[in-house]
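Walk me through how this protein holds its ligand, and what sits on the surface beside that site's residues. Start with the contacts, then move outward.

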Amino acid sequence: MTQKRLEGKVAIVTGGALGIGGGTARRLAADGAKVLIVDVMEDAAAANVKRISDSGGTAIAMTGDVSQESVAKSMVERAVNEFGRLDIMVQNAYSGGPDSAGSAVEVKPEAWRSGIDLLVTALYLGAKYGVPAMEESGSAPGFNAGAWTGAGLRHGSPPNMNVGRIVNLSSVHGLLQAPRSLIYEAGKAAVIGLTRQMAVDFGPLGITVNAIAPGHIVTERGEATWGEVGDEAGFKLFELQYPVRRTGVPDDIAAGIAFLCSDEASFITGVVLPIDGGLSIQLQENIVMDTKDFIVENPDLKTHFDQGRGTARR
Ligand SMILES: NC(=O)c1ccc[n+]([C@@H]2O[C@H](COP(=O)([O-])OP(=O)(O)OC[C@H]3O[C@@H](n4cnc5c(N)ncnc54)[C@H](O)[C@@H]3O)[C@@H](O)[C@H]2O)c1
């Protein structure tokens with residue numbers, strides 16, 4: 001039997017109950033990793049653990065708010081106590097609160113602080129406790145540096161460490177700005193800076209740190225919101241803006257994360273990988289013209305924009 005590509009590895013997925021984190025936890029487990037899901041939603045996390053176990057994977061759940069230092073510390077301890085090591089951290093947890101939209105004039109200081117705590121501080125805390133545990137764990141069992149020596153073409157010594165992987169969730173909103181979304185846009189841009197800094201700091205330890213910038217991913221929550229808006233045309237309008245003419249699903253993101261967590265990705269670090277169906281590479285003027293045509297053809301269009309939500313964030 002061929003070995004699964006993450007066999008022998010232990011992963012923490014924050015916000016791993018639902019959405020992108022939920023799909024990522026399932027994917028990493030399907031690839032052989034043992035997964036600790038850390039989430040504020042106890043029942044949904046337990047349901048995802050059951051789904052993973054029912055498919056033959058290994059996962060456990062822990063309830064906690066990852067913006068709290070005590071939770072960041074104890075999730076790392078839990079992974080190591082339960083599974084004996086730590087190799088992978090996917091720092092994904094985020095759900096915008098009701099007061100999270102707005103410009104700098106509109107946003108309240110407490111909403112700013114709690115938003116940034118979860119978007120940015122949680123990722124610093126995860127690394128603060130996770131990196132020493134990865135170092136302590138060392139290279140995963142089965143690691144074979146010889147596999148990388150490349151028929152003598154390599155200059156210098158082969159990698160002697162393949163210690164860990166951190167993948168942080170940014171967004172296309174970390175690359176480009178949307179109106180009245182100060183907390184999210186600033187937070188996701190900060191995730192990119194934090195990722196690059198960590199890549200420089202932890203590369204010498206054998207730990208790669210990368211970020212993913214998803215486009216619009218229809219999660220369980222997103223699906224409910226679209227359903228609530230009850231507008232097929234609105235969803236089509238979203239799809240129209242993507243060169244691949246669809247929005248994403250959690251599995252699209254999970255596949256990219258699983259690759260970045262694999263041994264094959266050992267020379268990729270500090271990268272921000274957009275997984276957005278090409279959304280962010282386009283010239284905006286043309287999207288606006290297509291959108292205008294679509295709106296003219298669909299005069300009853302509702303979408304988030306008409307629901308007083310401001311811009312559909314993410
Ligand atoms: N869905 C998208 O379109 C999209 C696009 C770009 C980036 N992202 C990013 O991807 C990540 C996941 O988004 P999603 O759409 O899957 O979200 P989601 O709301 O579907 O799932 C988020 C998960 O995080 C958990 N969570 C929330 N706050 C938490 C906390 N303080 N501590 C622990 N767990 C917590 C939730 O309970 C939930 O299980 C986020 O960082 C988000 O900003 C999402």
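A polar contact is a pair of N or O atoms within 3.5 Å; within protein, one must be able to donate a hydrogen and the other to accept it, and residues adjacent in sequence count only if both atoms are side-chain atoms. This is a predicted model, where local features need pLDDT of at least 70, side-chain atom pairs count only at pLDDT 80 or more, and totals for chains, interfaces and linings use all residues. Residues are numbered from 1 along each chain as its sequence is written, and side-chain values use heavy atoms, with hydrogens and water left out.

Take the backbone first. A polar backbone atom of Val66 lies 3.1 Å from a nitrogen atom of the ligand. Ile20 brings a backbone N or O atom to 2.8 Å from a ligand oxygen. For Leu18, the corresponding distance to an oxygen atom of the ligand is 3.4 Å. On its own the ligand has 820 Å² of accessible area (Shrake-Rupley method, 1.4 Å probe). The protein covers 96% of that.

Now the shell. It holds 28 residues, each with a heavy atom within 4 Å of the ligand. Ile20, Asp39, Tyr184, Ile217 and Arg221 are the closest. Helix 1 (19-30) and helix 5 (182-202) each supply at least two shell residues; helices here are DSSP runs (H or I, at least four residues), and strands are E runs of at least two, numbered from the N terminus.

Finally, look at Val40. Val40 sits in the loop between strand 2 (34-39) and helix 2 (42-54). Is Val40 buried or exposed? Val40 is exposed, at 56% relative accessible area, because exposed means over 50%.

Conventions
Buried < 20%, exposed > 50% of the residue type's maximum accessible area, 1.4 Å probe, protein only.
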